[in-house]
Amino acid sequence: MRLSGDDEERSTGSMPVMYMILAVGVFILFILLVVYFTNGGGRTPRRGTGSAARATQAPDVSEDGEETGEGGDDLDTLYKENRLRAEDLDIWNMYQDSTLIVEEKPSPSPSPEASHEPTEEEKAADGRHTEVTYRDGTKEWIEISEDIPLYKYDLTNMKITNGKMEYILDGEKCSWLGIELSKDSGKVNFESLHDNGVDFVMLKLGSRGYETGLLNLDESFVSNIAAAKKAGMEIGIIFFSQAVNTQEAVAEAEFVINNLEGYEISYPIAFDMEYIPNDESRIDTLDEEQKTRIAEAFLDRIESEGYRGILYGNKSWLLTELVPDKLLLEYDVLLSNQEPVPNYPYEFKMWKYAVNQEVYGVEKKVAYIISFVDYTRK
């Protein structure tokens with residue numbers, strides 16, 4: 001049986017619980033309000049602190065359909081007012097005193113075009129190559145050096161009459177005709193040569209044996225030089241070398257100088273070194289550098305005595321058996337080339353242009369030489 005006092009006790013006991021719940025709720029509300037206001041609730045967010053959050057909220061739409069932000073601002077205004085800047089981000093403060101260096105990658109250079117190796121036909125036609133023949137018979141197109149002077153004769157001005165060549169410029173003869181003589185030429189009538197337009201003779205003085213290495217005086221030299229001087233002809237000299245070192249080259253020059261004592265010559269002394277066809281010779285094992293030094297030693301000694309030295313040879317010898325940029329810049333050249341037009345590119349002062357020629361006054365056939373220089377004036 002319930003007594004009336006029981007309800008009063010229950011009612012009185014439940015009241016503290018309700019007050020406690022209410023107090024907890026008020027406390028929680030107070031905490032939330034403190035947090036809210038502490039985090040800027042109810043205030044316009046500062047630039048750089050609420051921008052990211054606001055950017056994620058859906059924009060308001062005005063009556064005319066334009067998007068607006070809070071307070072009726074349009075998106076452009078909202079963007080301008082809340083745009084993030086470098087100074088609003090704390091991380092940038094770490095680098096305020098630093099300089100940002102952006103390393104640019106170099107732009108790739110265009111790949112070079114593959115070099116084109118000229119064909120044989122292109123080399124033959126480009127005017128920058130010349131063909132040479134080596135001793136073994138192989139041929140090659142080599143580049144013409146820009147450091148060695150080229151010959152500048154206009155060969156269309158050449159005039160040949162009965163085998164005798166003249167170089168004519170502006171109607172005037174600018175060349176001198178000569179022949180090459182040795183014991184192999186037989187008897188020579190120098191007066192007849194002079195009367196028939198031969199201006200000078202290149203006399204073979206002697207040679208070194210290509211097997212024995214002995215120095216030999218040409219059997220006809222003494223009689224030829226005496227008769228040529230008596231006929232009033234200008235005289236040059238040829239020596240056939242087989243020196244294998246510079247000492248032998250100087251000895252050959254001394255041999256020439258000694259045998260010219262008592263004679264006056266006006267044309268050059270030619271250094272002639274050649275292989276022996278179909279036979280072995282002393283110089284077969286020499287390389288280009290060795291042959292070049294031998295030629296220099298001979299010509300230097302000759303010129304030290306006041307004579308004029310000249311380098312004798314055909315195109316292939318001058319360009320493949322010697323070092324051309326050492327000799328062709330220092331000495332005149334007597335070119336042996338029987339082509340109608342010389343295919344030798346560099347400057348030459350004398351040209352042996354024809355062999356096996358019948359010449360009035362000479363017993364056997366000889367070679368013609370034309371000189372583009374009057375050496376009597378040098």
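Let's start with a hairpin: strands β5 and β6 form one with 2 residues between them, and Asn 162 in its turn has a positive phi of about 55 degrees. Keep in mind that this is a predicted model. Two further topics follow below: another residue with a positive phi, Asp 170, and a nonpolar surface patch of about 720 Å².

**The β5–β6 hairpin**
- Strands β5 and β6 run antiparallel and are joined by 4 bridges.
- If you would like a pair to look at, Ile 160 has Met 165 in β6 as its bridge partner.
- Asn 162 sits in the loop that links β5 (158–161) to β6 (164–169).
- The phi of Asn 162 is positive even though this residue is not a glycine.
- Asn 162 counts as exposed because its relative accessibility is 74%, and the cut-off for exposed is over 50%.

**The loop after β6**
- Asp 170 is found in the loop between β6 and β7 (172–173).
- Here, too, you will find a residue that is not a glycine with a positive phi, of about 55 degrees in Asp 170.
- With a relative accessibility of 85%, Asp 170 counts as exposed.

**The nonpolar patch**
- Met 20, Val 24, Phe 27, Ile 28, Phe 30, Ile 31 and Leu 32 make up the nonpolar surface patch of about 720 Å².
- One of these residues, Val 24, belongs to helix α1, which spans residues 4–38.
- Val 24 has a relative accessibility of 44%, so it counts as partly exposed; that class lies between the buried limit of under 20% and the exposed limit of over 50%.

Notes. Residues are numbered from 1 along each chain as its sequence is written. This is a predicted model: local features need pLDDT of at least 70, side-chain atom pairs count only at pLDDT 80 or more; totals for chains, interfaces and linings use all residues. Side-chain values use heavy atoms; hydrogens and water are left out. Patches are made of residues with over 30% relative accessible area and no salt bridge: like charges are joined within 9 Å, nonpolar side chains (Val, Leu, Ile, Met, Phe, Trp, Tyr) within 5 Å. Accessible areas come from the Shrake-Rupley method with a 1.4 Å probe; for residues, only the protein chains shown count as cover. A salt bridge is a side-chain nitrogen of Lys or Arg within 4 Å of a carboxyl oxygen of Asp or Glu. Buried means under 20% relative accessible area, exposed over 50%, partly exposed in between (1.4 Å probe, protein chains only). Two strands pair if DSSP finds at least two bridges between them.
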